[in-house]
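Student: I would like to go through the reasoning behind some structural labels. Can we take them one at a time?

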Amino acid sequence: MKCLNVAAQPLSSQTGSSPVRSFHHGNLRQALIDAALSAPDIERLSLRQLASGLGVTAAAAYRHFANREDLLFEVAKIGFALLEQRFAGAFDPSVAPSDATEARQRLILLGQAYVQFADDMPALWRLMFGSQAEAYRNRANFYGTRNSYEFLPAVLTGLFQQGVITTKPDEHDALFAWSAIHGAATLRSGRVPAALAPIADLAVGVADRVIRALK
């Protein structure tokens, strides 16, 4: 997914004496998104709740979003863009790894970036990958644009190209690898002791086990 300039930022227009009068020309839409991104439990938010917190009427909020699902879709889309940025900071999926060491390191870096994202933005991560989030995940994938789902298949292909794994990976292998990485993040969020190791060490352990399984 293409990177979006969507990181939550304080709106300078909110410094006026009246919270209602502080929103102009669509700023309320961004304020609602920013407020949702800052919430500790995004999945349970309502537009009325957000509007009340911003000092505006529910009717004003509904002029920007038809319902809470529309708002949560926008927030999830932002989340996938931010995750793609993190993955892109780890490696370029369009360039093959130069050797087996780099191929293995890419899997470690991908796992580390994913778990760190879950640690840094737990409410957003739950919205994106929670049990009720399939619709948001499906709508956030745009054909013809790079997105966060391209990185793991690229990693596994690189492992095969460099001889780290001997069988060409398929979608079942990708599902297994993602389940291992996602499972580590989930256990960590549940405070399971074994998953609370430093993220870098956890990523190495998960990567080693995935590689052994795929061999």
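Student: Which residues of α6 are buried?

Tutor: This is a predicted model, so keep that in mind throughout. The buried residues of α6 are Ala-123, Leu-124, Trp-125, Leu-127, Met-128 and Phe-129.

Student: Why is α6 called largely enclosed by the rest of the structure?

Tutor: Count the residues. Of the 8 in α6, 6 are buried, so the helix is largely enclosed.

Student: What makes Phe-129 buried?

Tutor: Its relative accessible area is 12%. Buried means under 20%. Phe-129 therefore meets the cut-off.

Student: And why is Trp-178 called partly exposed?

Tutor: Trp-178 has 30% relative accessibility. Partly exposed lies between under 20% and over 50%. The value falls in that range, so the label is partly exposed.

Student: Why does Asp-208 count as partly exposed?

Tutor: The argument is the one just used. Asp-208, in helix α10, has 23% relative accessibility, so it counts as partly exposed.

Student: Now the rings. How many aromatic pairs does a search of the whole structure find?

Tutor: The search finds 7.

Student: What makes the pair of Tyr-114 and Phe-129 edge-to-face?

Tutor: The ring centres are 5.5 Å apart, and pairing needs them within 6.5 Å. The planes stand at 65°, and over 60 counts as edge-to-face, so the label follows. Both residues are buried.

Student: Why is the pair of Phe-129 and Trp-178 called tilted?

Tutor: Here the centres lie 5.9 Å apart and the planes are at 45°. That angle is neither under 30 nor over 60, so the pair is tilted.

Student: What does the pair of Phe-129 and Trp-178 tie together?

Tutor: Phe-129 lies in helix α6 and Trp-178 in helix α9, so the pair ties together parts that are 49 residues apart in sequence.

Student: Which residues form one aromatic cluster?

Tutor: Phe-80, Tyr-114, Trp-125, Phe-129, Tyr-149 and Trp-178 form it.

Student: Which residues touch the most other members of the largest nonpolar core?

Tutor: Ile-42, Leu-107, Leu-124 and Leu-159 do, in a core of 65 residues. Helix α4 gives the most to this core, with 10 residues.

Student: What is Leu-159 in contact with, leaving aside its neighbours within four places in sequence?

Tutor: With those neighbours set aside, the contacts of Leu-159 are Ala-103, Arg-104, Leu-107, Val-164, Ile-165 and Ile-211.

Key
Residues are numbered from 1 along each chain as its sequence is written. This is a predicted model: local features need pLDDT of at least 70, side-chain atom pairs count only at pLDDT 80 or more; totals for chains, interfaces and linings use all residues. Side-chain values use heavy atoms; hydrogens and water are left out. Rings of Phe, Tyr and Trp (its six-membered ring) pair if their centres lie within 6.5 Å; planes under 30 degrees apart count as stacked, over 60 as edge-to-face and the rest as tilted. Buried means under 20% relative accessible area, exposed over 50%, partly exposed in between (1.4 Å probe, protein chains only). Helices (H or I, at least four residues) and strands (E, at least two) are DSSP runs, numbered from the N terminus. A nonpolar core is a set of buried Ala, Val, Leu, Ile, Met, Phe, Trp, Tyr and Cys residues joined through side-chain atoms within 4.5 Å. Contact means heavy atoms within 4.5 Å.
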